[in-house]
Amino acid sequence: MPETTPRGLSGLAFGGDYNPEQWPESVWDEDVRLMREAGVTMVSVGIFSWALLEPSPGVYDFGWLDRNLDLLHGGGIRVDLGTPTVVPPAWFYRAHPDALPVTADGVRLEFGSRGAICHSNADYRAAAANITTRLAERYGDHPALAMWHVHNEYGVPVSACYCDSCAAHFRRWLATTYGTVDAVNEAWGTAFWGQRYSSLEQINPPRQAATVGNPAQALDYRRFADTTMRENFTAERDILHRLSPGVPVTTNFMTALSQCDSVDYWAWGREADLVTNDHYLITDGRRTHVNLAMAADLTRSVAGGAPWLLLEHSTSGVNWQPRNPAKAPGQMARNSLAHVARGSEGAMFFQWRQSRRGAEKFHSAMLPHGGTDTRVWREVTELGAAVEALTPIRGTRTEADVAVLWDWQSWWAQTLDWRPSEDHDARERADTYYEALYDHHLTVDFAHPEADLSRYPLVVVPALYLMTEAAGRNVEEYVAGGGTLVVSYFSGIVDEHDAVHDGPYPGALRDVLGLTVEEFSPLLRGERVRLSGPDGAELDADVWTEFVVPRGAETVWTYADGPAAGRPAVTRHRLGEGTAWYVSTRPDAEGLATLLGRAAEDARITPRADLPRDVEVVRRAGESGTFLFAINHTATDAKVPLDAPGTELLTGERAAGRLAVPAGAVRVVRLDG
C-alpha cells in the first residue's frame, strides 16, 4: 500500500512551490540557506517545467533538476515533485493542435496560459504518460523525494472540452455507463422536445444550441468531463506507484465552493494517497476566515476525516481578483494555523520566491521582491517556528460536532438552466448555513448524502436539489434512529438524472419531513415575507416561499404575509426516535440562527455561548493527546474556557481555567490527561 504521509518528514510540512527554473543557478544556494532560516521542511518542484525537461520531442534535460534536488537534499529539505502535465510544451501543441480544448460554442483555445488541455486527446495522454515515466524512473528513489504531485489544480481553468475527440469519448462513456441507447433515452427523458436518439453515434456533447438543451445530457457531460480528468490523474498515479513504490501520490484540490465547481471531490478523494488542497481568500466583503474554515472542513471530509495537507495558500495578497488587499499583520499565521486546526498536516504556500516575470509577479510569496527586510519575511520565519512547535499534533484528527450534507453533482444539477428562481443559489445556502453553525461554535464535517450519519447528533441539508432514493432512505433511517435533521427548501426534488421524483415535492424527503409541497412560489427581487412563531416571535425571509401541506409534521412558524400567508413556513416532524425540521424559505441570518438553535436543542447540543463571535475553538485528538486550538479573529483580547489544564505549545506556558488569547492571535493547548 502507498504511504499516506510525506516520506521523510518528522514534523509538519512548511514551505511552498519552488520554481528554480525561473532563476539563475547562482540564486539557488541563497534559496536553500534562506529556506533553512525560515524553517522550511518541504517544497513543491517541477510543476510547470515540462518544456525545460523535454525541450523537444524525445530530447530530455534533467541536469538542472538533478542539481536542484541534490542541493535541496543537502539542505535537509524534502521535495514534493510534480509531474508537469498541466503545461504541455509549445512544440507539443504545434504537433498536436487538436489537444487544445474547444469551447461549447466551437472556439479552440490557444497555447500561452496553463491548463489548456483536451483530456480526451490520445496524444496528450501518451505524452503525459511518457514524461511521468521518465521522471519516475529517474527520481523514484531520490533521497529528497517526499511525495509526488500530479498535474496542478484539475478543473481550473478548463474542465470540459467539446471537440470531436471528446464527442467520441463521451459516446464510449455512455456505452459503459448505460449500455444501450434506449437506456440513455430513458435517463435523459428524450421524448421531451423530440430529442430521441436511435444510435449512440447520433449523440454529441451539449454544444451551443438554439435555446436551452437537455438538462440531463448537460449533467452527464459534467460527470463525463470530471471522470475524464480523473482517468488522466489515475493513469499518472499508477505509473508512479509502479516505478516509485511507497511514495505517496497526490494532486492539489480546490475544495472551496468559491474556487472550483467542476470537480466531484468525493470521487477524487478516494483516488489520492494524501488529500491536499489549495485555498485563497476571496475578498468579496465576506468574513474570509469563515470561508477558510469551510474549505478546510470540506477538505478534511473529502479525506474521510484523515489528516490532509494545505499545499497552497498566500502569504499576503493575490493578484487575480479585481482588488487584492494585503493580509493584515498576523493574518498569515492565523490563516495557516486555522487550516492546521481543521486537519492540515502543515502549511504550504504559493510560492517560495516571488516571480519577477509572468502573470503572477504581483502574487505574494514567502520571499517577497523586497527580500528579507520585510514584514512578510519576518512573519514567515515566525510561522516556521510555530509550525515546528506543533509537531506533537501530527497524525491527530479534528473532532466534529455536526454534519452538513453536500454533493457536487447536486450542485451541478441545480446550476442548469430554467430553474424556479435565479436568486436561489446552492453555494449561497451552503455558505450561509455553514456560517450559522460556525457562529454557534460548532465544528462541521461534510458528508455525502449516502454516507453513514449515525455518529452525528445533528445533520443539516442546506442545498440538495438532486437526491437519490438511496440518499432519501439514508436520512430517513438516520432520523428514525434518533438523529436531528434540518432541511432547507428546494431539496430532494430530482433523482440522479434530473428527473422529478414521482409524486409530490419534496420527493426523496417528503416521508422523513412528514409533509408535501403543492407548489413553489419564489419571491420577486426585493420582496420579503414575515414568519410568525412560538410566543409571538417573528422572523424575516426572502427569495422563496412554498405551499406546504403537513402530513404528520407540526407547524412551528407560519407565513404571516406573502403568497403563502397563513400556511406553514417551518415545520418539525417526529419520526421514530428523532426529529426532522423543514425550512421552506430563506430566513435572514438572525432567523436562521434561531432555527438552528431550536434544532440543536432537539439534538441535545449546547452551542458555546461562552465564546465571543469570531473566536473559533477546534480540537484535534489522537494517540499523542488532545489539542485545543483557539483562534482569535477579532481586534479584542479574548478568554477561552479550558476543560482541563495543559501546556500552550506556541509559548511553552502552562494554561488553566480561562486561556488568554490576544487579539488576532492563536493559542494551541495540549490538554493534560
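Residues 24 or more positions apart in sequence account for 73% of the contacts in the chain that have a separation of 6 or more. The model in which these contacts were computed is a predicted one. Secondary structure in the chain amounts to 17 helices and 29 strands, and the radius of gyration, at 26 Å, is close to the 26 Å given by the globule rule for 673 residues, so the chain is as compact as a globular protein of that length. Along its principal axes the C-alpha trace extends over about 75 × 75 × 45 Å.

Of the 673 residues, 59% count as buried, while the surface exposed by the chain comes to about 25,800 Å², of which carbon and sulfur atoms supply 48%. The charged side chains comprise 61 positive and 89 negative ones, and the centres of these two sets lie 3 Å apart.

Three domain annotations from UniProt, each from an unreviewed entry, can be set against the computed secondary structure. The feature "domain: Glycoside hydrolase family 42 N-terminal" is placed by UniProt at residues 17-389; this span is 40% helix and 10% strand, and its end C-alpha atoms are 22 Å apart. For residues 400-605 the UniProt record gives "domain: Beta-galactosidase trimerisation", and here the content is 25% helix and 29% strand, with the end C-alpha atoms lying 12 Å apart. The annotation "domain: Beta-galactosidase C-terminal" in the UniProt record covers residues 614-671, a span computed to be 0% helix and 60% strand, with 22 Å between its end C-alpha atoms.

Backbone geometry was examined with the expectation that most residues other than glycine have a negative phi, and most peptide bonds are trans. Against that background, a cis peptide bond joins V156 and P157, with omega at about 5°, and P157 is located in the loop between strand 4 (145-150) and helix 6 (164-178). E153 is likewise placed in the loop between strand 4 and helix 6; its phi is near 50°, a positive value in a residue other than glycine, and its relative accessible area of 4% makes E153 buried, because the cut-off for that class is under 20%. A second cis peptide bond runs from F350 to Q351, with omega near -5°, and Q351 belongs to the loop between strand 9 (344-349) and helix 12 (375-389). A positive phi of about 60° is also found at W193, which is not a glycine. W193 sits in the loop between helix 7 (181-188) and helix 8 (215-243), and its relative accessibility of 46% places it in the partly exposed class.

Individual positions illustrate how sequence separation and spatial separation are related in the model. I393 lies in the loop between helix 12 and strand 10 (397-398), and with a relative accessible area of 0% I393 is buried. The C-alpha atoms of I393 and G625 are separated by 7.8 Å, although the two residues are 232 residues apart along the chain. Once its neighbours within four places in sequence are left aside, I393 is in contact with L12, V340, E345, R620, F627, F629 and L649.

A569, by comparison, is part of strand 20 (residues 568-575) and counts as buried at 1% relative accessibility. Between A569 and R530, which are 39 residues apart in sequence, the C-alpha to C-alpha distance is 9.7 Å. The contacts of A569, again with neighbours within four places in sequence left aside, are made with L531, W557, T558, Y559, Y582, V583 and S584.

G76 provides a case of the opposite accessibility class. This glycine is situated in the loop between helix 3 (63-74) and strand 3 (78-83), and its relative accessibility of 55% means that G76 counts as exposed, the cut-off for that class being over 50%. From G76 to R586 the separation along the chain is 510 residues, and the distance between their C-alpha atoms is 54 Å.

Note on methods
Residues numbered from 1 in each chain as written. Predicted model: local features only at pLDDT ≥ 70, side-chain atom pairs only at ≥ 80, totals over all residues. Heavy atoms only, no water. Helix = DSSP H or I, 4+ residues; strand = E, 2+ residues; numbered from the N terminus. Rg over C-alpha atoms; globule rule 2.2 N^0.38 Å. Buried < 20%, exposed > 50% of the residue type's maximum accessible area, 1.4 Å probe, protein only. Contact = heavy atoms within 4.5 Å. Areas by Shrake-Rupley, 256 points an atom, 1.4 Å probe, with all protein chains shown as cover. Lys, Arg positive; Asp, Glu negative; His and termini not counted. Charge placed at Lys NZ, Arg CZ, Asp CG, Glu CD. UniProt positions renumbered as here; feature names shortened; annotations may be inferred.
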